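Welcome! Here is a short briefing to read alongside the structure, covering confidence, cysteines and one aspartate.

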Amino acid sequence: MLSRTLSLDLQDADHTAGLARTLGRVLVSGDTILLTGDVGAGKTHFARALILSLLTHPEDVPSPTFTLVQTYESTRGTIWHADLYRLTSSFEIEELGLSDAFHDAICLVEWPDRLGCLWPDHALELAIEATGDDTRHVIATWIDEKWSEKLDVWQP
């Protein structure tokens, strides 16, 4: 399968949050977004903005660094926000139930390199890089053709 990419430069944290909210409008259960980037790149900021945009009532959206997974009921179904940084094996991922959630929920996964052989082929990968204090560069990569249409919302 042929992978596709889209490259975006973001001017500030508000632009990053706006991009997340825009993507949130087209997500449905079974959509998985894999967020890669260094510590402080903006993965959690992006995930938090997307999640909040889909909740019927605002609530605290903490980083799942220590809980590993946070779930939310949204206007589009269940959202799973996972941070796999502390995991060391795919067995731990199976125990979390994340593999099933890839098909039944909207999933946002930070540190997806820990997925190994469980990496979902249908996912959208967003590689976020800090290019300045508030500026970011995002490269979206996907194989599943559904993302080509969904990412039209990011086109000017």
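**Confidence**

This is a predicted model, and its chain averages a pLDDT (the predictor's confidence in each residue, from 0 to 100) of 93, with 99% of the residues scoring at least 70. Local features need pLDDT of at least 70 and side-chain atom pairs count only at pLDDT 80 or more, while totals for chains, interfaces and linings use all residues. Residues are numbered from 1 along each chain as its sequence is written, and side-chain values use heavy atoms, with hydrogens and water left out.

- Helices (H or I, at least four residues) and strands (E, at least two) are DSSP runs, numbered from the N terminus.
- The lowest mean pLDDT among the elements, 84, belongs to helix 3 (residues 90-96), and the highest, 98, to strand 2 (residues 32-36).

**Cysteines**

- Searching the whole structure turns up zero disulfides (pairs of cysteine sulfur atoms within 2.5 Å).
- Cysteine 107 is in no disulfide, and its nearest cysteine sulfur, in cysteine 117, is 17 Å away, too far for a bond.
- Cysteine 107 is buried (under 20% relative accessible area, with a 1.4 Å probe and protein chains only; over 50% is exposed and in between is partly exposed), at 0%.
- Cysteine 117 is exposed, at 72%.

**Aspartate 83**

- Aspartate 83 sits in strand 4 (residues 77-83).
- Aspartate 83 is buried yet has no salt bridge (a side-chain nitrogen of Lys or Arg within 4 Å of a carboxyl oxygen of Asp or Glu).
- The nearest side chain of opposite charge (Lys and Arg count as positive, Asp and Glu as negative; His and the chain ends are not counted) is arginine 86, 6.9 Å away.
- A polar atom of the aspartate 83 side chain lies 3.0 Å from the backbone nitrogen of tyrosine 85.
- Beyond neighbours within four places in sequence, aspartate 83 is in contact (heavy atoms within 4.5 Å) with residues including Ser63, Leu68 and Trp111.

Definitions and conventions:
A polar contact is a pair of N or O atoms within 3.5 Å; within protein, one must be able to donate a hydrogen and the other to accept it, and residues adjacent in sequence count only if both atoms are side-chain atoms.
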